[in-house]
Amino acid sequence: MADEKSKLTVFSQSTEFDGVLEFSDNLVIAGKFRGTISAGGNLEIEKTAECDVDYIKAESIVVSGSVNGKLEATDRVELCSGSKVNGDIKTARLRISDNVDFNGKVHMIDGTPETDIFSVASSEFKKSLLLKTNEAR
């Protein structure tokens, strides 16, 4: 069985990064980021983070901090309570909590999964993906 745990990189509160960032695993930003992010993995922007970007592209993006720029996720974008986003969002699924400061447009893309991962346990979601994979064969 393949290792289901993926690698996690954390940019701490004291980290400031300017430039282009590309990654394939998971990243957590707690500091300051300016530039562009293009990722095949998941991105979490913590409450202490400040991101000023041209765009962020990732599989999923969870925002608890502040983002100024475009967000695009192939799977989902989640704006947590207290977050601030100034920019357009393009995603298959979107969750916006109460107390979010959002200014922008939303474009929903096709390809949403039949199983809503927000409403099922992770073990159930994994089983549904496995069933779909086996049915496709």
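**Exercise 1. Work out how the side chain of Thr 91 is held.**

Solution.
Step 1. Start with the backbone oxygen of Ala 73: a polar atom of the Thr 91 side chain lies 3.2 Å from it. This distance comes from a predicted model.
Step 2. Look for a second partner. The backbone oxygen of Arg 93 is 3.1 Å from a polar atom of the Thr 91 side chain.
Step 3. Place the residue. Thr 91 belongs to strand β9.
Step 4. Decide whether Thr 91 is buried or exposed. Buried means under 20% relative accessible area. Thr 91 has 0%, so it counts as buried.
Step 5. List the surroundings. Leaving out residues up to four places away in sequence, Thr 91 touches Ala 73, Asp 75, Arg 76, Val 77, His 107, Met 108 and Ile 109.

**Exercise 2. Two residues of strand β9 are Arg 93 and Arg 95. Describe the setting of each.**

Solution.
Step 1. Take Arg 93. Its salt-bridge partner is Asp 75, with the closest N and O atoms 2.6 Å apart.
Step 2. Ask what this pair joins. Arg 93 is in strand β9 and Asp 75 is in strand β7, so the bridge ties together parts 18 residues apart in sequence.
Step 3. Check the cover. Arg 93 and Asp 75 are both buried.
Step 4. Turn to Arg 95, which sits in strand β9, residues 89–96. Its relative accessible area is 33%, so Arg 95 is partly exposed.
Step 5. Compare sequence with space. Arg 95 and Cys 80 are 15 residues apart along the chain, and their C-alpha atoms are 8.2 Å apart.

**Exercise 3. Trace the salt bridges that involve Glu 16 and Glu 78.**

Solution.
Step 1. Get the total. The structure contains five salt bridges.
Step 2. Find the partner of Glu 16. Its side chain meets that of Arg 34 in a salt bridge, at 3.5 Å from N to O. Glu 16 is in strand β2 and Arg 34 in strand β4, so the bridge links distant parts of the chain, 18 residues apart. 
Step 3. Classify the two ends. Glu 16 has 53% relative accessibility, so it counts as exposed. Arg 34 has 31%, so it is partly exposed.
Step 4. Widen the view. Glu 16, Asp 18 and Arg 34 are linked in a network of salt bridges.
Step 5. Now take Glu 78. Its side chain forms a salt bridge with that of Arg 76, at 2.8 Å from N to O. Glu 78 is buried, at 14% relative accessible area. Arg 76 is buried too, at 16%.

**Exercise 4. Describe the largest nonpolar core and the surroundings of Ile 61.**

Solution.
Step 1. Count the members. The largest nonpolar core has 24 residues.
Step 2. Find where they come from. The elements giving two or more residues are β2 (16–23), β3 (26–29), β4 (32–39), β5 (42–45), β6 (50–63) and β7 (66–79).
Step 3. Name the main contributor. β6 gives the largest share, six residues.
Step 4. Find the residues with the most contacts inside this core. They are Leu 43 and Ile 61.
Step 5. Look around Ile 61. Not counting residues up to four places away in sequence, it touches Leu 43, Ile 45, Ile 56, Leu 71, Glu 72, Ala 73, Arg 76, Val 77 and Glu 78.

**Exercise 5. Locate Gly 65 and list its contacts.**

Solution.
Step 1. Place it. Gly 65 is in the loop between β6 and β7.
Step 2. Check its cover. Its relative accessibility is 5%, so Gly 65 counts as buried.
Step 3. Find the contacts. Beyond its neighbours within four places in sequence, Gly 65 is in contact with Ile 45, Glu 46, Lys 47, Ala 49, Ser 83 and Lys 84.
Step 4. Set sequence against space. Gly 65 and Ile 29 are 36 residues apart in sequence, with 9.2 Å between their C-alpha atoms.

**Exercise 6. Summarise the whole chain, then say which part to read with care.**

Solution.
Step 1. Count the elements. The protein chain has one helix and 11 strands.
Step 2. Put them in order. Along the sequence the pattern is β-β-β-β-β-β-β-β-β-β-β-α.
Step 3. Gauge the burial. Of the 137 residues in the protein chain, 34% are buried.
Step 4. Examine the surface. The chain exposes about 8500 Å², and carbon and sulfur atoms supply 46% of that.
Step 5. Check the contact range. Among contacts between residues at least 6 apart in sequence, 4% join residues at least 24 apart.
Step 6. Read the confidence. The mean pLDDT is 85, and 76% of the residues score at least 70. Strand β8 (residues 84–86) is highest at 98, while helix α1 (residues 122–136) is lowest at a mean of 58.
Step 7. Draw the lesson. Where pLDDT is low, the predicted coordinates should not be read in detail.

Key. Residues are numbered from 1 along each chain as its sequence is written. This is a predicted model: local features need pLDDT of at least 70, side-chain atom pairs count only at pLDDT 80 or more; totals for chains, interfaces and linings use all residues. Side-chain values use heavy atoms; hydrogens and water are left out. A nonpolar core is a set of buried Ala, Val, Leu, Ile, Met, Phe, Trp, Tyr and Cys residues joined through side-chain atoms within 4.5 Å. Buried means under 20% relative accessible area, exposed over 50%, partly exposed in between (1.4 Å probe, protein chains only). Helices (H or I, at least four residues) and strands (E, at least two) are DSSP runs, numbered from the N terminus. Contact means heavy atoms within 4.5 Å. A salt bridge is a side-chain nitrogen of Lys or Arg within 4 Å of a carboxyl oxygen of Asp or Glu. Accessible areas come from the Shrake-Rupley method with a 1.4 Å probe; for residues, only the protein chains shown count as cover. A polar contact is a pair of N or O atoms within 3.5 Å; within protein, one must be able to donate a hydrogen and the other to accept it, and residues adjacent in sequence count only if both atoms are side-chain atoms. pLDDT is the predictor's confidence in each residue, from 0 to 100.
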